[in-house]
Structures are given as C-alpha cells and as structure tokens.
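Open the model in your viewer and keep the sequence panel visible. The stops below go from one side chain out to the whole chain.

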Amino acid sequence: MKKETTEQEAYLQLAAICAQAEHCQQEMRDKMKRWEMAPEVQERVIARLIKERYIDDERYARAFVKDKIRYNKWGRRKVQQGLWMKHIDDDIQQRVLSEVDDAEYLAVLKPLLKQKAKSIKAENDYELTQKLVRFALGRGFTYDIIRQCLDVDDEMIADDETD
C-alpha cells in the first residue's frame, strides 16, 4: 500500500526541486497529480511556492526561452508552442519572446543552415533552398528570419556546392 504524501511533505519536496532548477506551476501540478493529491491541497502548495518565490512562471519562461534558443536551436514558434504546453500565460509568453531580438535568432539559424546545407542532397539551388526552408520551419523559425539568413548566405550555399 502506497503511503499518502502530506501537504507539508509535498511542499518540502517541491521546494527542494525548485531550489535546484527553474520549474513552472504546471510541472509542480503534474507532480502532485501523480502523487494523487487533492486539488485543493495542490492549490495551497502552489500558492505557498509562489509566495515564497520558488515558482515564478515569468522567470521560468525567460530561462526556458534562453535555453531552447541557444542550446536546442529552436525558433520563436517552437519555443512559443513549448511555453503553451507548459500552460504559461499568453501575456508572459509575448513579453518574454519579444525580449529576444532577431539578431539572436539569426546567430542561431545561420550556422544551423550552413551545417544542414552540407548534408542535403539537391539537384539545384532552388531545391536546396526549399529543403533548407522546410528544415528551418520545422525548427520553429519564422519565414522572414529564414529568408534573411538565406538571402545573406546565398553565396555560402554556392560556395558549398563547389566543395
């Protein structure tokens, strides 16, 4: 028989988890659901974690956005979808995503496209461009950012074909 987690135990466990890394409200709710805690207890624990600043969805969103762009090489759309799946408020999503400038996206996308261009088999420049656009769209980059990178790097693509 499984021992039931008390409100205080849940708070202490979640506080310890939040002290180690950023987490959002939804992640903590999911954890408590798995522990089969009553919804009203979950809300009290979440409220206490927020009050004591263990959880801050905006702080979490900033860290999430920075990590996903820099390390996972995601574009704005994919990051926004990730935040949506974590139940982060739309106003927080918009605020945090608007803080990232296009130059940072370009700095991530240019080397990504350059690397991808080397591994793509294409009959001509048009086909190569189409494949690169599809790849970047799948990573969540917007078409205008992709176009900027490809327009700047058209000579890069031509250079790679002569290798």
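Which residues does L109 touch, not counting those up to four places away in sequence? Select L109: its contacts (heavy atoms within 4.5 Å) are A136, F141, I145, I146 and C149.

This is a predicted model, where local features need pLDDT of at least 70 and side-chain atom pairs pLDDT 80 or more, while totals for chains, interfaces and linings use all residues. Residues are numbered from 1 along each chain as its sequence is written, and side-chain values use heavy atoms, without hydrogens and water.

Next, add V65, V79, L113 and F141 to L109; these five touch the most other members of the largest nonpolar core, which has 32 residues. Such a core is a set of buried Ala, Val, Leu, Ile, Met, Phe, Trp, Tyr and Cys residues joined through side-chain atoms within 4.5 Å, with buried meaning under 20% relative accessible area (1.4 Å probe, protein chains only). Colour α7 (102–119), which gives the most to this core, seven residues. Then move to a second, separate core of 14 residues, including L14, C18, W35 and L49.

Now select D57 in helix α4, residues 57–70 (helices are DSSP runs of H or I, at least four residues, numbered from the N terminus). The D57 side chain reaches the backbone nitrogen of Q25 at 3.1 Å. D57 also touches C24, I88 and I92.

Finally, show the whole chain: ten helices and zero strands (strands being DSSP E runs of at least two residues). The C-alpha atoms fill a box of roughly 65 × 35 × 25 Å along the principal axes.

Note on methods
Polar contact = N/O pair within 3.5 Å; in protein donor to acceptor, adjacent residues only side chain to side chain. Buried < 20%, exposed > 50% of the residue type's maximum accessible area, 1.4 Å probe, protein only.
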